[in-house]
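Biologist: I have the sequence and the model open side by side, and I would love a close look at how one part is packed. Could you start there and then walk me outward to whatever else deserves a look?

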Amino acid sequence: MSNEPLVLLVEDNESLRELMRDALPDFGYRVVTVGDGREALALLESGEQFDFVFSDVSMPNGVSGIELAEHSARLQPDARVILSSGYARAQLPPLPENVTFLPKPYRLPQLLGMLENTQAVAR
(Lines give C-alpha, C1' and ligand atoms only; values in the text may rest on other atoms or scores of the structure.)
Protein backbone atom coordinates (compact mmCIF):
# COMPACT_ATOMS: atom_id res chain seq x y z
CA MET A 1 0.00 0.00 0.00
CA SER A 2 1.36 3.39 -1.01
CA ASN A 3 1.53 6.47 1.19
CA GLU A 4 1.42 8.68 -1.88
CA PRO A 5 -1.95 10.47 -2.15
CA LEU A 6 -4.10 9.35 -5.08
CA VAL A 7 -5.49 12.08 -7.34
CA LEU A 8 -8.40 11.58 -9.74
CA LEU A 9 -7.66 14.14 -12.46
CA VAL A 10 -10.65 14.96 -14.66
CA GLU A 11 -9.72 17.10 -17.65
CA ASP A 12 -11.09 17.11 -21.19
CA ASN A 13 -8.05 18.92 -22.60
CA GLU A 14 -5.77 16.02 -23.50
CA SER A 15 -2.54 18.05 -23.47
CA LEU A 16 -3.22 19.46 -20.00
CA ARG A 17 -4.34 16.06 -18.74
CA GLU A 18 -1.10 14.44 -19.96
CA LEU A 19 1.02 17.26 -18.54
CA MET A 20 -0.51 16.90 -15.08
CA ARG A 21 -0.40 13.08 -15.25
CA ASP A 22 3.33 13.25 -15.96
CA ALA A 23 4.18 16.07 -13.51
CA LEU A 24 2.31 15.18 -10.31
CA PRO A 25 4.17 11.89 -9.63
CA ASP A 26 7.41 13.89 -9.46
CA PHE A 27 5.92 15.58 -6.38
CA GLY A 28 4.73 12.43 -4.61
CA TYR A 29 1.23 11.96 -6.02
CA ARG A 30 -0.25 8.97 -7.81
CA VAL A 31 -2.59 10.03 -10.61
CA VAL A 32 -5.53 8.45 -12.41
CA THR A 33 -6.74 10.52 -15.37
CA VAL A 34 -10.02 10.58 -17.23
CA GLY A 35 -11.42 12.83 -19.95
CA ASP A 36 -14.91 13.55 -18.64
CA GLY A 37 -17.21 13.50 -15.65
CA ARG A 38 -18.95 10.25 -16.62
CA GLU A 39 -15.66 8.34 -16.55
CA ALA A 40 -14.78 9.98 -13.22
CA LEU A 41 -18.15 9.10 -11.73
CA ALA A 42 -17.68 5.46 -12.75
CA LEU A 43 -14.32 5.40 -10.95
CA LEU A 44 -15.79 6.98 -7.82
CA GLU A 45 -18.53 4.35 -7.84
CA SER A 46 -16.02 1.53 -8.41
CA GLY A 47 -14.81 1.74 -4.83
CA GLU A 48 -11.26 2.88 -5.59
CA GLN A 49 -10.49 5.40 -2.84
CA PHE A 50 -9.15 8.78 -3.94
CA ASP A 51 -7.54 11.39 -1.72
CA PHE A 52 -8.28 14.18 -4.23
CA VAL A 53 -10.68 14.78 -7.08
CA PHE A 54 -9.40 17.58 -9.34
CA SER A 55 -11.75 18.57 -12.14
CA ASP A 56 -12.58 21.35 -14.53
CA VAL A 57 -16.03 22.83 -13.85
CA SER A 58 -17.14 22.62 -17.51
CA MET A 59 -16.93 19.05 -18.73
CA PRO A 60 -18.31 17.25 -21.80
CA ASN A 61 -20.79 14.36 -21.85
CA GLY A 62 -23.31 15.54 -19.31
CA VAL A 63 -21.57 15.47 -15.91
CA SER A 64 -20.06 18.82 -14.85
CA GLY A 65 -17.34 19.28 -12.28
CA ILE A 66 -19.95 20.66 -9.89
CA GLU A 67 -22.10 17.53 -10.27
CA LEU A 68 -18.97 15.41 -9.85
CA ALA A 69 -18.15 17.26 -6.60
CA GLU A 70 -21.65 16.53 -5.30
CA HIS A 71 -21.33 12.83 -6.18
CA SER A 72 -17.86 12.73 -4.64
CA ALA A 73 -19.18 14.15 -1.34
CA ARG A 74 -21.72 11.33 -1.23
CA LEU A 75 -19.57 8.46 -2.55
CA GLN A 76 -16.17 9.36 -1.11
CA PRO A 77 -16.64 11.98 1.60
CA ASP A 78 -12.97 11.86 2.63
CA ALA A 79 -11.77 12.86 -0.85
CA ARG A 80 -10.83 16.53 -1.14
CA VAL A 81 -12.34 18.22 -4.21
CA ILE A 82 -10.64 20.96 -6.21
CA LEU A 83 -12.51 22.52 -9.14
CA SER A 84 -10.92 24.70 -11.77
CA SER A 85 -12.35 27.07 -14.36
CA GLY A 86 -11.39 29.81 -16.76
CA TYR A 87 -14.49 31.66 -15.59
CA ALA A 88 -14.32 33.82 -12.48
CA ARG A 89 -15.90 32.17 -9.47
CA ALA A 90 -18.61 34.86 -9.44
CA GLN A 91 -19.62 33.79 -12.97
CA LEU A 92 -20.14 30.16 -11.95
CA PRO A 93 -23.11 28.53 -10.29
CA PRO A 94 -22.67 28.13 -6.53
CA LEU A 95 -20.00 25.56 -5.71
CA PRO A 96 -20.62 22.87 -3.09
CA GLU A 97 -19.22 23.55 0.37
CA ASN A 98 -16.66 20.76 0.11
CA VAL A 99 -14.91 22.39 -2.88
CA THR A 100 -11.71 24.40 -3.19
CA PHE A 101 -11.58 26.62 -6.30
CA LEU A 102 -8.51 27.11 -8.52
CA PRO A 103 -8.89 29.73 -11.29
CA LYS A 104 -7.46 29.04 -14.76
CA PRO A 105 -4.94 29.58 -16.06
CA TYR A 106 -2.97 28.15 -13.18
CA ARG A 107 0.61 27.02 -12.83
CA LEU A 108 1.77 23.71 -11.41
CA PRO A 109 3.09 25.32 -8.18
CA GLN A 110 -0.39 26.76 -7.51
CA LEU A 111 -1.99 23.33 -7.86
CA LEU A 112 0.70 21.72 -5.71
CA GLY A 113 0.14 24.37 -3.04
CA MET A 114 -3.59 23.63 -3.04
CA LEU A 115 -3.00 19.89 -2.81
CA GLU A 116 -0.62 20.40 0.12
CA ASN A 117 -2.92 22.88 1.92
CA THR A 118 -5.99 20.73 1.36
CA GLN A 119 -4.11 17.64 2.54
CA ALA A 120 -2.90 19.44 5.69
CA VAL A 121 -6.49 20.43 6.54
CA ALA A 122 -7.57 16.79 6.14
CA ARG A 123 -4.96 15.47 8.59
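Modeller: Happy to, and please keep in mind that this is a predicted model. Let's begin with helix 2 and helix 3, which are roughly parallel to each other. Helix 2 covers residues 37–46, and its axis comes within 10 Å of the axis of helix 3, with a crossing angle of roughly 0°. That angle is under 35 degrees, so the two helices count as roughly parallel. On the helix 2 side of the contact you will find G37, A40, L41, L44 and E45, and they meet L68, H71, S72 and L75 of helix 3.

Now step to the two ends of helix 3. The loop between strand 3 (52–56) and helix 3 (65–75) holds N61. N61 is not a glycine, yet its phi is positive, at about 70°. Most residues other than glycine have a negative phi. N61 counts as partly exposed because its relative accessibility is 47%. In the loop between helix 3 and strand 4 sits D78, which counts as exposed at 66% relative accessibility. The C-alpha atoms of D78 and N98 are 10.0 Å apart, while along the chain these residues are 20 places apart.

From here, let's turn to the aromatic side chains. The whole structure has 2 aromatic pairs. One of them is formed by Y29 and F52, which are edge-to-face, with 6.2 Å from centre to centre and 70° between the planes. This pair links distant parts of the chain, as Y29 belongs to the loop between helix 1 and strand 2 (30–34) and F52 to strand 3, 23 residues apart. Both partners are buried: Y29 has 3% relative accessibility, and F52 has a relative accessible area of 2%. F54 and Y106 also form an edge-to-face pair, with centres 5.8 Å apart and 75° between the planes. F54 lies in strand 3 and Y106 in the loop between strand 5 and helix 4, so this pair ties together parts that are 52 residues apart in sequence. F54 is buried with a relative accessible area of 4%, and Y106 is buried as well, at 13%.

Stay in that loop for a moment. P105 is also placed between strand 5 (99–103) and helix 4 (108–122). The peptide bond leading from K104 to P105 is cis, and its omega is near -5°. Most peptide bonds are trans.

K104 brings us to the charged side chains, where the structure holds 3 salt bridges. One of these joins E11 and K104, whose closest N and O atoms are 3.3 Å apart. E11 is in the loop between strand 1 (6–10) and helix 1, K104 is in the loop between strand 5 and helix 4, and the two are 93 residues apart. E11 is buried, with a relative accessible area of 5%, whereas K104 is partly exposed at 23%. K104 also meets D56 in a salt bridge of 2.9 Å, N to O. Here too distant parts of the chain are linked, with D56 in strand 3 and K104 48 residues away in sequence. D56 is buried, at a relative accessible area of 10%. Through their shared partners, these salt bridges join E11, D56 and K104 into one network.

R21 and D22 form a salt bridge too, with their closest N and O atoms 3.2 Å apart. Both are partly exposed, R21 at 35% relative accessibility and D22 at 48%.

What about R17: what is the nearest side chain of opposite charge? R17 lies in helix 1, residues 14–23. R17 is buried and has no salt bridge, and the nearest side chain of opposite charge is E14, 4.6 Å away. A salt bridge requires the nitrogen and the carboxyl oxygen to be within 4 Å, so this distance does not qualify. Leaving aside residues up to four places away in sequence, R17 touches L9, E11, D12, T33, V34 and G35.

Finally, have a look at two exposed loop residues. D26, in the loop between helix 1 and strand 2, is exposed at 65%, and its C-alpha is 32 Å from that of L92. A90, in the loop between strand 4 (80–85) and strand 5, counts as exposed at 79% relative accessibility. Its C-alpha is 30 Å from that of L6, and A90 and L6 are 84 residues apart in sequence.

Methods
Residues are numbered from 1 along each chain as its sequence is written. This is a predicted model: local features need pLDDT of at least 70, side-chain atom pairs count only at pLDDT 80 or more; totals for chains, interfaces and linings use all residues. Side-chain values use heavy atoms; hydrogens and water are left out. Helices (H or I, at least four residues) and strands (E, at least two) are DSSP runs, numbered from the N terminus. Buried means under 20% relative accessible area, exposed over 50%, partly exposed in between (1.4 Å probe, protein chains only). Lys and Arg count as positive and Asp and Glu as negative; His and the chain ends are not counted. Contact means heavy atoms within 4.5 Å. Rings of Phe, Tyr and Trp (its six-membered ring) pair if their centres lie within 6.5 Å; planes under 30 degrees apart count as stacked, over 60 as edge-to-face and the rest as tilted. Axes are lines fitted to C-alpha atoms, for helices over the stretch in contact, and angles run from 0 to 180 degrees between N-to-C directions. Angles under 35 degrees count as roughly parallel, over 145 as roughly antiparallel, 65 to 115 as roughly perpendicular and the rest as oblique.
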